[in-house]
Structures are given as C-alpha cells and as structure tokens.
Amino acid sequence: MWKYVARRTVEMIPILIVISVLTFLFIHFIPGDPARLVAGKDATLEDVENVRHEMGLDKPILKQYVDYMKNLVTGELGTSLTTGLPVIDMFKTRFMPSLQLTFLSMFWATLMGLAIGVFSAINKNKWPDYFGMVTAVSGISIPGFWLGLLLIQLFSVQLGLFPTGGLDGFSSYILPSLTLGAGIMSMIARFTRSSMLETLQADYIRTGRAKGLKERSVIVTHALRNSLISVVTVAGLQFGFLLGGSVVVETVFSFPGMGRLLIDSIAFRDYPVIQSALLLFALEFILVNLAVDVLYTVLNPKIQLDS
Amino acid sequence: MNYVKKLVFVILCTFLLAACAEKDNSNASNTGDKSTTESGAASSKNELVIAVNENFISMDPHNTGDTNSNSVQETMLEGLLGFDADGQIIKVLADDYSISEDALVYTFKLKEGVTFHDGEPFNAEAVKANIERIMNDESLRLYSRGFSLISNVEILGDYEIKVTLKEPYGPMITRFGVAKMISPKMIKDNLADIPKKPVGTGPYKFVEWVQGDHLTIENFDGYWGGGERVSKITYKPVPENGSRVAMLKAGDAQVIYPVPSQNIDELSKSKDVEVNKVPSTIAHYVSLNTYKKPLNDIKVRQAFNYAVDKDAYIKVVNAGLGLPLDSIIPSKTVYYKQQKMYEHNIEKAKELLAEAGYPDGFDIEIWGNTNSDTMKGMQFIQQQLGQIGVKVEIKSMEEGTLSDEIYGAQTPDDAKLQMWYVSWSAYASDITNATKPLFHSVSFPPNGANTAYYNNTEADQLMDEANSISDVDRQAELYEKLQEIVYQDTPWIFLGVDEVVYGVRSNVSGVLVNPTGGLDVKNAKVE
C-alpha cells in the first residue's frame with residue numbers, strides 16, 4: 001500500500017503542473033483588469049499604468065508564469081495585489097479554520113448519514129424509514145444559505161446559544177458545520193439506505209441469518225461493511241467539493257475561511273491569491289481521492305491497490 | 001463493527017489534528033506588540049464590536065482606497081487635516097495652515113506635545129518623512145493622486161513645514177486630510193509592517209488583525225486630545241446582510257454598518273436598537289453616451305430625464321432612502337448649488353422624443369453590474385423609459401467584465417457603451433474629484449470616468465480655472481456655473497443620492513457616519 005501511496009504522490013506533480021498552467025491561463029484570460037479594479041473608478045490611465053507596473057502585470061504572460069513557478073518552487077506564493085500582504089500569510093489564517101470546518105461537517109454528516117441510512121434500510125417502508133428519508137431529502141433541498149440564516153435566527157438570536165458568526169472558539173463551528181454538512185448527510189443517508197437494501201437481499205446475508213447469526217451482527221458486521229464502499233466513494237467525492245465549496249456558508253456566518261477569501265479575490269482579480277488558492281484546492285482534492293482509495297483497502301482487503 | 005470504528009477513528013483523528021494545528025495558527029495573525037486580547041464579542045460594558053459589510057484591505061494609510069479600511073485607520077492615525085461630520089476639512093495635527101494665492105505653497109504649523117503610539121515625537125521631521133514616503137514610494141497608489149505633484153518639502157522650524165507643488169491641484173487639501181501620519185521610526189525601520197499594524201498618533205492603538213475575521217484596537221492612554229473613550233473596539237467584516245442584522249439583534253455587535261434597507265423597519269421597532277440615517281455623497285445616475293446616436297441629441301437625453309420619476313426611483317429602488325439628485329453633485333459636496341429639477345412629465349418626454357425624430361422610440365442597451373440593487377435600478381429605468389416607447393435591454397455584467405467593456409474603449413469611436421447604471425462618490429470636500437473625472441473632456445475612458453463622453457469647452461475651462469486657484473469665492477462662482485451648464489446638457493439621467501444607514505444598540509452613543517460613508521467611533525460611549 002505504501003508503494004501505491006508513494007507512486008500516487010509522485011504522479012501528483014505533473015497533474016499539479018497542468019492544473020497550475022490551466023488556472024494561470026484561465027484567470028489571466030477572463031475579462032477584468034486587476035490594475036483598473038485596484039486603482040479604482042476615478043483612476044486616470046496613468047494611475048492604472050502605475051498600478052499595472054507595480055503589480056508586474058505589464059510583463060509578458062509567459063514571464064509572469066515562469067516567475068510564479070520559480071517562486072512556487074521556493075515556497076513563495078507571491079503578494080496579494082489588493083492587500084499587499086504575502087499570500088502565504090493570508091492562507092495561514094484562513095486555511096485551518098476552513099479545513100476544520102470541513103472535517104467537522106464531514107464528521108457529523110457521516111455519522112448522522114450512516115445512522116439514518118441504516119435505520120431507514122432496516123425499517124424499510126415503515127414510518128422510521130419515511131421519517132429518515134424526509135430528513136435526508138430536506139437536507140439536500142434546503143439551500144445552505146437559507147438554512148444558515150434559519151439556524152442563526154433560531155440558535156443565536158432567539159436562544160442565544162451560539163455566536164451569530166465569526167470565529168471565536170469551538171462554538172463558532174457548530175452552526176456553520178451543521179449547515180455545510182446537511183447536504184452531505186442527506187446524500188450519505190440515501191446512499192447508505194439503498195446500498196444496505198441491496199446488500200440485505202444478498203445470498204450471504206440470507207445464509208448468515210439461516211445459520212442463526214444475531215440480527216445486529218448481520219446488519220453491522222456483514223451488511224454495513226459491504227455497503228460502506230459505495231458510501232465512502234460518495235463521501236470522499238463530496239469531501240473534495242466541501243473543501244472549496246464552503247463559500248456560501250462562510251459568507252453567511254462571516255467565517256474567515258478559504259472560500260470567502262477566494263470569492264473576495266476573484267472580485268478584485270487578485271491573481272496571486274486566486275492562483276494559489278485554486279492550486280491548493282486541487283491538491284486537497286487529489287489528496288482526498290487518494291485517501292478514499294486507501295480507505296477502500298481498509299474496508300475491503302480484497303481490493304488490491306497496486307494492481 | 002470494527003470497520004465502522006476505524007472509519008470514525010480516522011475522521012476523529014484528522015479533526016483533532018486540524019484542531020491542534022489551529023492553535024499554532026492563531027499565532028500567525030498580525031499581532032501588535034502589546035497584544036493580549038483575543039477575538040470575540042465584547043464581554044465588558046466598555047468594549048464595542050462593530051460589524052461592517054466588507055473586509056478591510058490594508059492598514060497602510062498612504063495606500064488605501066476603501067472606506068472601511070479608512071474608517072478603522074481614522075481611529076489610530078491622524079493627518080495634518082481631517083474631516084468633520086459633514087465631511088468638510090478640519091485641522092487635526094496642524095494647528096494652522098495657509099495656502100498661497102497661486103495654490104502652489106501649503107504651509108502648516110504643527111501641534112506640539114503630540115507623540116506616536118511608539119513614543120516617537122510628532123514634529124516637522126515626522127511630517128517630512130511621511131510626505132516623502134508618499135512622494136517617493138512608487139508602490140503607493142496614492143502617489144499619483146496629488147503627492148506626485150509636490151516639488152519640495154521644507155522644514156521651517158521644529159513645528160512648521162512648507163510644501164510646494166509643481167502645479168496647482170484643487171483636491172490637494174483633501175489629500176492632506178486623507179494622508180495620515182505614521183511613526184517616522186516605522187517608515188525608517190519597518191516599512192513592511194505598515195499595512196499590517198500601523199503606528200500613529202490617534203486615540204486608539206492597534207492590537208491585532210486576523211485577516212477576514214476581526215481587527216482590534218484599544219484606547220491609547222497617552223493621546224494628546226485626552227477624553228474618555230471605550231477601552232477596546234473589535235471590527236468584524238460580515239458581508240452577509242442577514243447575519244449582520246442578527247448580530248445587532250443578538251447583541252453580538254453594538255454597531256452595524258450599513259443596515260440593509262429591507263431590515264430598517266424591523267430594527268426600528270426594537271427598543272434595544274437605534275437606526276440612524278445620514279445623507280451621503282453617493283450619487284446614482286445613468287451615464288448617457290453623448291457621443292453616439294441617438295443620445296447625442298440633447299432632446300433625447302432631456303426626454304429620458306423627464307420620463308424618469310425620481311421620487312418613485314427612491315421609493316422603489318432605494319427603499320425610500322435618499323434624495324433626488326438635483327445637481328451634478330450631491331448636496332453634501334462643497335460648492336453644491338441646487339438646480340431646477342426635470343419634473344416627471346411623460347407627455348413632455350414624448351414630445352421631446354418626437355421632436356428629436358423618434359416618435360416611436362427606439363431600442364437601447366443599459367449596462368450595470370450583477371448586484372441585485374443594480375438590477376432593480378436597471379429594471380426601473382427599463383420600465384420608466386418603456387412608457388415613452390424606448391425599449392431598454394438590460395445587460396448585467398460581473399464587475400471585472402463590465403470594467404473591461406467600459407475602460408477597454410481607447411477612443412469615443414470604440415465605445416460600445418450606450419447607458420451605464422452606476423454610482424459615484426467623492427469626498428465631500430473634494431469637488432474636483434466629483435466633477436473632473438466625470439465631465440472633463442480629458443477624462444474620456446480609459447483616462448477617466450467620463451463615460452457620457454461629455455465634451456463642453458466652457459465646462460472644461462471652468463473646471464481648469466477652479467482647479468488652479470485658491471480663492472474660495474471665485475471657486476464657488478465657477479463651480480456654480482459648471483453645475484448649471486452640465487445639468488442643462490443632461491449627460492446623465494439624474495437619479496438620487498443615497499442616505500447611509502447604520503444601526504447601534506440603544507446603550508451606545510457618539511457613533512457617527514460621515515457623508516462619504518466613513519464610520520467615526522472615536523467618541524463612542526457605552527452606558
């Protein structure tokens with residue numbers, strides 16, 4: 001397995017290079033002149049040209065890319081065009097809150113999703129199943145934006161249990177993570193349910209039951225274990241999206257994370273920040289995928305990664 | 001069961017790992033020397049939490065364009081001059097000043113006994129170091145706006161300094177108000193820290209800034225102006241309107257700015273909260289491309305102005321907040337002169353359109369950004385002009401794209417723009433910036449924001465003369481004439497001037513918002 005992990009890690013390098021070229025070209029070719037945006041509406045052409053020169057945007061694009069890559073290799077992500085601060089400093093304060101938020105969302109979404117899914121499957125077409133699935137469908141259908149505001153109104157304004165936003169200790173993570181995890185929880189619940197239902201029909205389950213295995217052992221050890229493979233795939237994919245996709249939740253809860261930083265940077269065409277943030281998201285996505293593949297073998301040792 | 005346990009264990013471990021990592025990370029914030037505080041809501045009575053709608057960009061006072069950053073800087077840093085509640089120039093670190101008749105020499109007498117937060121004395125040397133930094137450091141965006149015109153800075157005494165310009169520049173006095181003083185020691189030894197943790201002479205000193213989350217300042221005991229103040233203020237950027245309102249209601253914030261128009265009624269009813277309104281210098285208008293058909297005909301432009309009901313505009317688009325724009329500048333701008341407004345008259349508009357040769361109207365495009373308020377404004381214009389047979393197509397573009405489309409045109413012939421729904425704001429004391437970039441023929445895009453391609457020699461001359469003298473009576477005369485001429489020429493559909501709205505908890509007093517939208521909490525008190 002370690003050989004496989006090492007190989008996948010090495011393979012990441014060309015993928016990241018390709019991604020860096022694509023994102024670099026993409027952000028430089030979308031309309032919008034950062035120099036103009038930074039200089040402001042009342043700037044004269046001379047102002048704009050000064051800013052452009054100061055930002056190094058008057059250099060040929062290839063030179064800009066080579067400079068960027070040179071810096072990247074030495075761990076230097078450049079300087080933000082809007083704040084003038086090193087990008088790495090901006091990431092330092094933004095990355096960990098986002099990552100933690102994602103992990104917490106994933107954590108409870110997985111637990112709740114699995115519980116609802118299993119419970120629904122073993123109570124198929126009974127009221128607990130209907131209740132579970134209504135919860136799941138609601139989680140997917142309610143927009144995160146609205147759910148967030150609803151939770152703020154209820155738990156912060158009315159009950160005063162959690163902060164309305166910002167980042168001030170663990171309690172600041174609760175409402176945003178519930179909002180962010182709702183959709184994933186629903187998806188995991190639905191996948192677990194259908195996967196469990198399929199597995200429960202399988203011959204080996206019937207054999208197990210015929211041999212007199214306890215129902216609990218049948219459900220948890222045999223059925224759930226085999227259902228988990230597909231659930232892990234879904235969860236892994238969603239996890240990757242969560243990392244970069246928490247923009248809405250971060251905005252609603254004024255959460256100082258990467259999603260909000262990216263959106264702000266796009267509005268200002270802050271190339272160094274956008275470029276590095278996208279590269280970071282890509283790296284995270286690849287790492288999560290690798291983790292999912294490794295998790296397959298943990299769940300089912302018959303899966304041979306090296307093959 | 002074993003596998004479920006493993007899965008839970010893996011997730012739990014990674015989360016804990018991340019939690020540990022955050023502990024280290026908290027040290028990565030920009031923390032001031034004496035920082036002992038952490039983020040969070042005000043716990044004691046003598047503290048304030050202020051939620052604003054945007055992130056702070058930079059704390060470098062010589063390189064700041066956004067209002068929010070500027071508001072925070074105002075508490076920590078002071079300039080030779082500053083602005084009063086109406087946005088007009090007042091003396092701050094200057095005891096007195098004079099401007100030569102030819103508007104080239106500015107002489108300042110400085111306040112004595114002022115020290116920076118780091119103990120450095122404020123004197124002519126400190127002012128010289130600041131002015132020279134702005135003049136010479138090419139990375140400062142403020143550089144090109146006024147300070148690049150300075151030819152000489154001369155120290156006349158410990159507390160007297162003379163600044164000479166190469167050519168007259170009307171807004172220079174406002175520039176001196178905007179350019180706040182940084183400790184000379186910081187300029188000499190620690191330039192890189194200026195955008196992160198500035199050191200000034202203001203009533204508050206910097207404590208810490210965690211990007212995107214909060215910025216904290218605390219009372220500076222050695223402040224030259226004395227007085228009692230709130231001991232600690234935490235600013236939080238909260239872009240989402242609903243969240244900001246929730247913070248005020250829950251008491252997580254004592255001040256929010258701005259208050260979204262849809263929440264004004266709801267908040268006004270609460271006994272714990274006060275909602276205040278202030279007329280601003282933010283003017284909304286539709287820029288009409290006077291260079292191209294059919295808008296090159298003054299009758300068409302006048303017809304548009306008669307067709308649009310300004311009162312309805314304020315009610316429908318601005319939730320009743322604001323005043324009609326009855327000149328080319330808002331009423332809070334210096335030298336403002338009210339003009340006779342184009343009253344709402346559909347018949348007259350139709351007549352004018354017929355006289356111009358368009359009895360059945362025509363098709364035209366209006367551009368604007370994707371902001372929901374802009375969309376509402378453009379739809380309003382569409383509906384209003386529809387009444388006189390003009391079919392308006394709305395093209396809304398993301399700000400960057402829009403900016404490219406407008407400023408990408410190198411000559412008036414290249415311009416595809418027909419109408420632009422936009423707003424403009426300048427310092428109340430700076431009429432040059434409220435007129436020259438918008439109406440002077442040298443300001444056609446890409447060189448300025450004269451997107452109406454308005455070209456009138458007389459108007460150009462008025463602006464040029466007013467800009468080159470220091471005689472305020474003569475300036476008033478020239479700007480009055482300018483307002484008359486341009487308003488008559490109707491390069492815009494004149495719409496409205498915003499009122500800015502802010503909310504405070506009832507136990508908070510002394511919070512002000514100036515017409516430019518700057519939040520002033522220097523004299524705030526909590527009961």
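1. Patches in this note are made of residues with over 30% relative accessible area and no salt bridge, with like charges joined within 9 Å. The model is predicted. Chain B carries one such patch of negative charge. B:Glu101, B:Asp102, B:Asp471 and B:Asp473 form it.

2. Take B:Asp102 as one member of that negative patch. B:Asp102 sits in a loop of chain B. Strand E5 (94-99) comes before this loop, and strand E6 (105-110) follows it. The relative accessibility of B:Asp102 is 41%. B:Asp102 therefore counts as partly exposed, because that class runs between 20% and 50%. The value also fits the patch rule, which asks for over 30%.

3. Now the overall build of chain A. The chain has 13 helices and zero strands. Read from the N terminus, the order of elements is α-α-α-α-α-α-α-α-α-α-α-α-α. The C-alpha trace spans about 85 × 55 × 30 Å along its principal axes.

4. Burial and contacts in chain A come next. The chain has 307 residues, and 53% of them count as buried. Consider the contacts with a separation of 6 or more: 74% of these join residues 24 or more positions apart. The accessible surface of chain A is about 14000 Å². Carbon and sulfur atoms own 69% of that surface.

5. Charge in chain A: there are 24 positive and 22 negative side chains. The centres of the two sets lie 16 Å apart.

6. Where are A:Val10, A:Ile13 and A:Ile17 grouped with other residues on the surface? They belong to a nonpolar patch, together with A:Val21, A:Leu25, A:Phe29, A:Ile61, A:Leu62 and A:Val66. The accessible area of the patch is about 800 Å². Two elements of chain A, H1 and helix H4 (61-73), each give two or more residues to it. H1(A) gives the most, with six residues.

7. A:Ile13 is a good residue to inspect in that patch. A:Ile13 lies in helix H1 of chain A. The relative accessibility of A:Ile13 is 51%. That makes A:Ile13 exposed, because the class begins over 50%.

8. Salt bridges number 25 over all chains. In chain A, look at A:Arg52 and A:Asp33. Their closest N and O atoms are 3.0 Å apart. A:Arg52 belongs to helix H3 (residues 45-55), while A:Asp33 is in the loop between helix H1 (2-29) and helix H2 (34-39), so the bridge ties together parts 19 residues apart in sequence.

9. Are the partners of this bridge, A:Arg52 and A:Asp33, buried or exposed? A:Arg52 is buried at a relative accessible area of 18%. A:Asp33 is buried too, at 14%. Both labels follow because buried means under 20%. The pair also takes part in a network of salt bridges, which links A:Asp33, A:Glu49 and A:Arg52.

10. In chain B, B:Lys111 forms a salt bridge with B:Asp95. The closest N and O atoms are 3.7 Å apart. The two residues come from distant parts of the chain, 16 residues apart. B:Lys111 is in the loop between E6 and helix H3 (124-136), and B:Asp95 is in strand E5. The partners fall into separate burial classes. B:Lys111 counts as buried at 18% relative accessibility, whereas B:Asp95 counts as partly exposed at 46%.

11. A further bridge in chain B joins the side chains of B:Lys249 and B:Glu266, at 2.5 Å from N to O. B:Lys249 lies in helix H6 (residues 241-250) and B:Glu266 in helix H7 (residues 264-269). The pair links distant parts of the chain, 17 residues apart. B:Lys249 is partly exposed at 27%. B:Glu266 is partly exposed as well, at 35%.

12. Last, a loop residue of chain A. A:Asn123 is found between helix H5 (87-122) and helix H6 (127-141). A:Asn123 is buried, with a relative accessible area of 15%. Which residues does A:Asn123 touch, not counting those up to four places away in sequence? The contacts are A:Pro128 and A:Asp129.

Note on methods
Residues numbered from 1 in each chain as written. Chains lettered and ligands numbered in written order. Predicted model: local features only at pLDDT ≥ 70, side-chain atom pairs only at ≥ 80, totals over all residues. Heavy atoms only, no water. Helix = DSSP H or I, 4+ residues; strand = E, 2+ residues; numbered from the N terminus. Buried < 20%, exposed > 50% of the residue type's maximum accessible area, 1.4 Å probe, protein only. Contact = heavy atoms within 4.5 Å. Patch = residues over 30% accessible without salt bridge, like charges linked within 9 Å, V, L, I, M, F, W, Y side chains within 5 Å. Areas by Shrake-Rupley, 256 points an atom, 1.4 Å probe, with all protein chains shown as cover. Salt bridge = Lys/Arg side-chain N within 4 Å of Asp/Glu carboxyl O. Lys, Arg positive; Asp, Glu negative; His and termini not counted. Charge placed at Lys NZ, Arg CZ, Asp CG, Glu CD.
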